[in-house]
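Subject: Handover of a structure, with notes

Dear colleague,

I am passing this structure on to you, and the notes below it are meant for someone who is opening it for the first time. Please have the view at hand while you read.

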Amino acid sequence: HLYVAEEGRRADYAALLATPRAGARIHACGPARLLHGLEAASRHWPEDSLRVEHFVSTVGALDPAREQGFEVELRASGLVVQVRNDQTLLDALRSAKIEVQSDCREGLCGSCEVPVLEGEVDHRDMVLTRGERAACTKMMSCCSRARSGRLVLGL
């Protein structure tokens with residue numbers, strides 16, 4: 001269905017999403033107005049029914065004045081890496097010669113995902129669902145941080 005504003009047609013998200021459908025997923029990408037409208041209209045759907053792709057991060061840049069440093073243990077090697085308050089986990093890992101793939105460096109693409117074995121994550125990405133965040137088994141190393149002073153990664 002096309003809803004062209006210039007032709008006087010607007011999508012009625014509340015009507016389109018009034019009745020949740022078992023097993024249905026809503027996938028969307030587009031401007032913030034569209035994504036916010038879909039989020040509001042699908043709040044009564046099962047958790048994580050709506051999946052969106054963002055092109056701009058709303059999380060913001062790292063602010064060293066507001067951040068705490070933390071340490072990360074790499075389970076496979078036992079190596080412990082310190083992450084300063086002014087650097088990302090991705091940068092700390094690369095400084096320790098641990099290669100982690102990345103692309104956007106804004107928490108939008110998911111390419112820098114690393115497995116989390118222990119610890120609580122402060123998720124700052126735009127990729128993971130609420131359920132994935134609650135499970136705390138992975139994180140985006142370019143933007144997310146530790147809530148506590150230590151994480152153990154499956155690296």
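Which exposed residues does helix 2 carry on the face turned away from its buried side? They are R33 and H36, and I return to that helix below, after a few words on the whole chain. Please keep in mind throughout that this is a predicted model.

**The chain as a whole**

The protein has four helices and nine strands, and, read along the sequence, these follow the pattern α-β-α-β-β-β-α-β-β-α-β-β-β. Taken along the principal axes, the C-alpha atoms fill a box of roughly 60 × 30 × 25 Å. The protein has 155 residues, of which 34% count as buried. When contacts between residues at least 6 apart in sequence are considered, 54% of them join residues that are at least 24 apart.

**Helix 2**

Helix 2 spans residues 32-41, and its buried residues are L35, L38 and A41. These buried residues lie on the same side of helix 2, because the arc that they cover around the axis is only 135 degrees. The cover over them includes helix 1 (13-16), strand 1 (26-29) and strand 2, while R33 and H36 are exposed on the face that is turned away.

**The loop after helix 2**

Following the chain onward, you will find D48 in the loop between helix 2 and strand 2 (50-53). With a relative accessible area of 18%, D48 is buried, because the limit for that term is under 20%. The side chain of D48 reaches two backbone nitrogens, that of R130 at 3.0 Å and that of G131 at 2.9 Å. Leaving out residues up to four places away in sequence, D48 touches R25, T129, R130, G131 and E132.

**The sheet**

Five strands form an open sheet in the order 4-3-9-5-7, and their pairing is mixed. Strand 4 (80-83) and strand 7 (138-140) are the edge strands, each of which pairs on one side only. From one strand to the next, the twist averages 40 degrees. In general, the strands of a sheet pair through backbone hydrogen bonds, either parallel or antiparallel. Strand 3 (residues 70-74) and strand 4 take the antiparallel sense, over four bridges, and V72 stands opposite V81 of strand 4.

Strand 9 covers residues 150-153 and contains L153. Is L153 buried or exposed? L153 counts as buried, because its relative accessibility is 0%. Apart from residues up to four places away in sequence, L153 touches V72, E73, L74, R75, L89, V114, P115, V116, L117 and M139. R130, whose backbone nitrogen the side chain of D48 reaches, is 23 residues from L153 along the chain, and the C-alpha atoms of L153 and R130 are separated by 20 Å.

**A loop before strand 5**

S111 lies in the loop between helix 3 (89-95) and strand 5 (113-118). S111 is partly exposed, with a relative accessible area of 22%. If neighbours within four places in sequence are left aside, S111 is in contact with Q101, S102 and D103. H123 is 12 residues from S111 in sequence, and the distance between the two, C-alpha to C-alpha, is 15 Å.

**The cysteines**

How many disulfides does the count give? The count comes to zero, with two cysteine sulfur atoms having to lie within 2.5 Å of each other to qualify. C29 is in no disulfide, and the nearest cysteine sulfur, which belongs to C109, is 15 Å away. C142 is in no disulfide either, and there the nearest cysteine sulfur is that of C112, at 3.6 Å. As to their surroundings, C29 is partly exposed, with a relative accessible area of 44%, whereas C142 is buried, with a relative accessible area of 7%.

With good wishes

How values were computed:
Residues numbered from 1 in each chain as written. Predicted model: local features only at pLDDT ≥ 70, side-chain atom pairs only at ≥ 80, totals over all residues. Heavy atoms only, no water. Pairing = 2+ DSSP bridges. Helix = DSSP H or I, 4+ residues; strand = E, 2+ residues; numbered from the N terminus. Axes fitted to C-alpha atoms, helices over the stretch in contact; angles between N-to-C directions. Buried < 20%, exposed > 50% of the residue type's maximum accessible area, 1.4 Å probe, protein only. Contact = heavy atoms within 4.5 Å. Polar contact = N/O pair within 3.5 Å; in protein donor to acceptor, adjacent residues only side chain to side chain. Arc of directions from axis to C-beta.
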